[in-house]
Amino acid sequence: MSGLLVEKPGILSLIEDAGRIGYGDIGVCQSGTADRYSAVWANRLLFNDPDSAVLEMLIGNVSLISQVDTAIALTGAESTLKINGQERSRWRSHRIKKGDRIDISAAKKGLRSYLSVAGGFGTQEMLGSRSVTPKDKLGDRIAEGDLLPCSSCTDHIPSAVPQRYIPDFLDVLTLRVAAGYQYDEFSSDAIELFFDSPYEVTTATDRMGCRLQGEAVRFDGEIISEPISYGAVQIPSDGQPIVLLNERQTIGGYPKIGSVIPMDCYRLAQARPGTTVAFQEIPVVEAAKITKDLYMFMQNRTIC
Amino acid sequence: MEYRVASVSSLIVYFGDRIEDEISGRVLSLYEQLKSMGLEGIVEIIPSYTTLYIEFDLFKYSHDSLFDLIKSLRVEMPNRSESDKIIEIPVYYGIEVGIDLDRVAKAHTISIDEVIKIHTDAIYRVHTIGFCAGFAYMGRVDKKIATPRLATPRSLVPKGSVAIANEQCAVYPMDTPGGWNILGRTPVEMFDISLKNFSYLKPGDAVKFVPIDKDEYLSLGGKI
């Protein structure tokens, strides 16, 4: 198989798909694209399965040389895309010829950009997924000289994401939370404080979770280690919330207030240190409806 | 048995509020039963000491409908001790790999040989797997050797290290940072995608550690 040759790998660039589902009982974390919304659009632009493997690039600064005729699309963070030195639009697909050079600049807004290729990246599947999880020793970040495998495609018809579906990267983010876990064991003062106070995204933020800083939330007592969901809002002993994301451990011993809904986790995964976030409690039934609508949209929506 | 919402598409069933074999046994029974049923629309089933976490397809279940289904199952306590196959893990308990043997022995004013004997006499149960892929939390370590975690974790614990923390023990499946007391090392691959079930151990397994000498350890592929 031919593919894209890595000339400059960037800080942390990983091949990811929808994640590794169903192995949590043997300690394997789900992993997967941190901003699945952007990743799905990158795939849809190429008429791929929406959860095909894409390249997730933290910040950007990536250069690739194509060894194949194909098509690509770039979504997510606000990086500049250049093909053979010429600036090309993001959220739009482009045909690529063998020998073409693809440069993705450092992002000005947002954190993670997504590069898709026609047919998806054909890296090795491990436990039903191509998602790389360095912590579980399931694959590693891309390095200079790697060949990211993809097949040839010469009949792609370029398409674009309608402007209204392109997300903004806001300086203030509202994260909707479905109450759960130890919610009822927190004092009403602690709950009130948590939902009424602004928090700031810190630099201690990665694919495992986003550590926030603000008013400390108190919790009295201890809990026995229990499984952790995507988006779980964990309150460690210093009271500073951590929203757990794709590379979270499967179990953990800190109390949790509930879980941020998936769409808002995707946005949080794009939030730079310094971004202000506010938590908003929503009923579980409403959270389910919003999430089902999102999944339907991501799975079925055709390109306009 | 009660449940709480974990996230929009997952719930967590609570079986009790203490780390106890009886409670863990009920968790593992339901885990095994649900796992063997292979229900469509249930995407993750993760047991821990007192809880069972279930993630579901939002288009097939709601929290309430899934919990109704769980309540309708008859959770029976399997009679484990008689019928269980015990999984043996060979361990080289040499002081060059069991770097905390001496400290653990001194903390309890017993000899290193006694530490090894106590550790290898018991049969352990896998209560949950976490921390990293294949890291099985096993109980219970005899109080006579139970030792708290190190105050400062080591930046690297070698793959295969057999270690204890309080009344739990585990095998490090890969090189990672860690703060447990290391008693020895096994040549067994604990997590590898070429293994039949990827992880050498699964929740509910019964485990016994078997001492081997250095030659045997090396011949089984162990590294010093």
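Colleague: Tyr181(A) sits in the loop between strand S12 (172-179) and helix H2 (188-196) of chain A. How do you know what counts as a strand or a helix?

Modeller: Both are DSSP runs numbered from the N terminus: a helix is H or I over at least four residues, a strand E over at least two. This is a predicted model, where local features need pLDDT of at least 70 and side-chain atom pairs count only at pLDDT 80 or more, while totals for chains, interfaces and linings use all residues. Residues are numbered from 1 along each chain as its sequence is written, chains are lettered from A and ligands numbered from 1 in the order in which they are written, and side-chain values use heavy atoms, leaving out hydrogens and water.

Colleague: Fair enough! Why is Tyr181(A) called buried?

Modeller: Buried means under 20% relative accessible area, exposed over 50%, and partly exposed in between (1.4 Å probe, protein chains only). Tyr181(A) has 2%, so it counts as buried. Its phi is near 50 degrees, a positive value in a residue other than glycine.

Colleague: And what makes Asn61(A) partly exposed?

Modeller: Its relative accessible area is 38%, so it falls in the middle class. Asn61(A) belongs to the loop between strands S3 (54-58) and S4 (62-66) of chain A, and its phi, near 60 degrees, is also positive in a residue other than glycine.

Colleague: Why is helix H1 of chain A described as largely enclosed?

Modeller: Nine of the nine residues in H1 (residues 36-44) are buried, so the rest of the structure largely encloses this helix. Among them are Tyr37(A), Ser38(A) and Trp41(A).

Colleague: How do you know that Gln270(A) touches Ser38(A)?

Modeller: Contact means heavy atoms within 4.5 Å. Leaving out residues up to four places away in sequence, Gln270(A) has contacts including Asp35(A), Ser38(A), Leu111(A) and Phe169(A). Gln270(A) is buried too, at 4% relative accessibility, and a polar atom of its side chain lies 2.9 Å from the backbone nitrogen of Leu111(A).

Colleague: Last one: what makes a set of residues a nonpolar core?

Modeller: Its members are buried Ala, Val, Leu, Ile, Met, Phe, Trp, Tyr and Cys residues joined through side-chain atoms within 4.5 Å. The largest core has 58 residues, and Met138(B), Leu201(B) and Phe209(B) touch the most other members. Strand S9 (residues 161-165) of chain B gives this core its largest share, four residues. A second, separate core of 45 residues includes Ala118(A) and Ile223(A). In soluble globular proteins, nonpolar side chains tend to be buried together.

Definitions and conventions
Polar contact = N/O pair within 3.5 Å; in protein donor to acceptor, adjacent residues only side chain to side chain.
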